[in-house]
Amino acid sequence: MYVPKHFAPDDDAVQELLASHGAADLITMTPDGLVATMLPFSYDRSRNVLLGHVARNNDHWQREVIGDALVIMRGPNAYVSPTWYASKQEHGRVVPTWNYVTAHVYGELTVHDDAAWVEDVVRRLSDLHELGRAHPWSVDDAPEKYVQGQLRAIVGVELAIHRIEAKFKLSQNRPDADIDGVIDGLRADGDDRSADAVARHRP
């Protein structure tokens, strides 16, 4: 990934993205070519692994993997209008761009066709995404027989992380007045999440 110095995040920011991202793309090279599946992942920092699961009927998990697998994670992303820049009024030498947060996570993929292993991942993912809700759902809220049936319909995947390439392109290369304009413009568009990311990572 091409990462200019001003768009290179520190390790804390990368760790935060891995711990709090939404769904991500699992991509593997197979003898039949590239295969991709969008999945939620849980990040286990202590073991430096990503944990997830796929539908048993999705044959991605059965395909031979050539080399490392790749998981592409994304944070906020948004179109940036040049009309938001103070620089537009000064000299007009501005163009549209796209702000985004992403991490390319490479590693060895292992499949876990084991109900107990998969149940642990399902509980991790549910707890992660139910956190902060007024009435969080728990796996234990569903009938045990039903849960066991659901678990038989999925297969676990684990990515042992070898390296991470991350890029947080959030207008850090713009003058302060332009950054203010981007934040205001994003908020006016109703994209507070992207606006907050720009504000949090401004130089």
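Helices and strands are here DSSP runs, helices of at least four residues and strands of at least two, numbered from the N terminus. The exercises below apply this to a predicted model.

**Exercise 1. Place I66 among the elements, and state which surface feature I66 belongs to.**

Step 1. With the elements numbered in this way, I66 falls in the loop between β4 (49-55) and β5 (69-80).

Step 2. The relative accessible area of I66 is 42%, and I66 is therefore partly exposed, since that class lies between the 20% limit for buried and the 50% limit for exposed residues.

Step 3. I66 joins M29 and L34 in a nonpolar patch on the surface, and together these residues have about 280 Å² of accessible area.

**Exercise 2. Describe the overall architecture of the protein: how many helices and strands are there, and in what order do they run?**

Step 1. The protein contains six helices and seven strands.

Step 2. Read from the N terminus, the order of these elements is α-β-β-β-β-β-α-β-α-α-β-α-α.

Step 3. Along the principal axes, the C-alpha atoms fill a box of roughly 65 × 45 × 30 Å, and 43% of the 203 residues count as buried.

Step 4. Among the contacts between residues at least 6 apart in sequence, 75% join residues that are at least 24 apart.

Step 5. The protein exposes about 11200 Å², of which carbon and sulfur atoms supply 50%.

**Exercise 3. Examine the charged side chains, and work out where the partners of selected salt bridges lie and how accessible they are.**

Step 1. There are 21 positive and 31 negative side chains, and the centres of the two sets lie 4 Å apart.

Step 2. Side chains of opposite charge can pair when their charged atoms come close. With a cut-off of 4 Å between a side-chain nitrogen of Lys or Arg and a carboxyl oxygen of Asp or Glu, the count comes to 16 salt bridges.

Step 3. One of these joins R63 and D59, with 3.4 Å from N to O; R63 is partly exposed at 30% relative accessible area, and D59 is likewise partly exposed at 35%.

Step 4. Another salt bridge is formed by D176 and R202, whose closest N and O atoms are 3.7 Å apart. This pair links distant parts of the chain, with D176 in helix α5 (residues 176-188) and R202 in the segment after α6 (192-200), 26 residues apart. D176 counts as exposed at 52% relative accessibility, whereas R202 counts as partly exposed at 28%.

Step 5. In the salt bridge between D196 and R187, the closest N and O atoms are 2.7 Å apart, and the relative accessibilities are 33% for D196 and 34% for R187. Elsewhere, salt bridges that share partners join D44, D120 and R124 into one network.

**Exercise 4. Find which residues of helix α1 are buried and which elements cover them.**

Step 1. Helix α1 spans residues 11-20, and its buried residues include A13, V14, Q15, L17 and L18.

Step 2. An α-helix has 3.6 residues a turn, so residues three or four places apart point the same way.

Step 3. The cover over the buried residues of α1 includes the strands β3 (41-44), β5, β6 (97-112) and β7 (154-169).

**Exercise 5. Compare the surroundings of V118 and S126 in helix α3.**

Step 1. V118 lies in helix α3, which covers residues 115-130, and S126 is placed in helix α3 as well.

Step 2. The relative accessibility of V118 is 1% and that of S126 is 14%; both values are under the 20% limit, and both residues therefore count as buried.

Step 3. Leaving aside neighbours within four places in sequence, V118 is in contact with H112, L151, I154, V155 and G156, while S126, on the same terms, touches W137 and V139.

**Exercise 6. Locate N48 and S171, which have positive phi values, and decide whether each is buried or partly exposed.**

Step 1. N48 is not a glycine, yet its phi is positive at about 55°; S171, also a residue other than glycine, has phi near 65°.

Step 2. N48 sits in the loop between β3 and β4, and S171 in the loop between β7 and α5.

Step 3. With a relative accessible area of 32%, N48 is partly exposed, whereas S171, at 3%, is buried.

How values were computed:
Residues numbered from 1 in each chain as written. Predicted model: local features only at pLDDT ≥ 70, side-chain atom pairs only at ≥ 80, totals over all residues. Heavy atoms only, no water. Patch = residues over 30% accessible without salt bridge, like charges linked within 9 Å, V, L, I, M, F, W, Y side chains within 5 Å. Areas by Shrake-Rupley, 256 points an atom, 1.4 Å probe, with all protein chains shown as cover. Buried < 20%, exposed > 50% of the residue type's maximum accessible area, 1.4 Å probe, protein only. Contact = heavy atoms within 4.5 Å. Lys, Arg positive; Asp, Glu negative; His and termini not counted. Charge placed at Lys NZ, Arg CZ, Asp CG, Glu CD.
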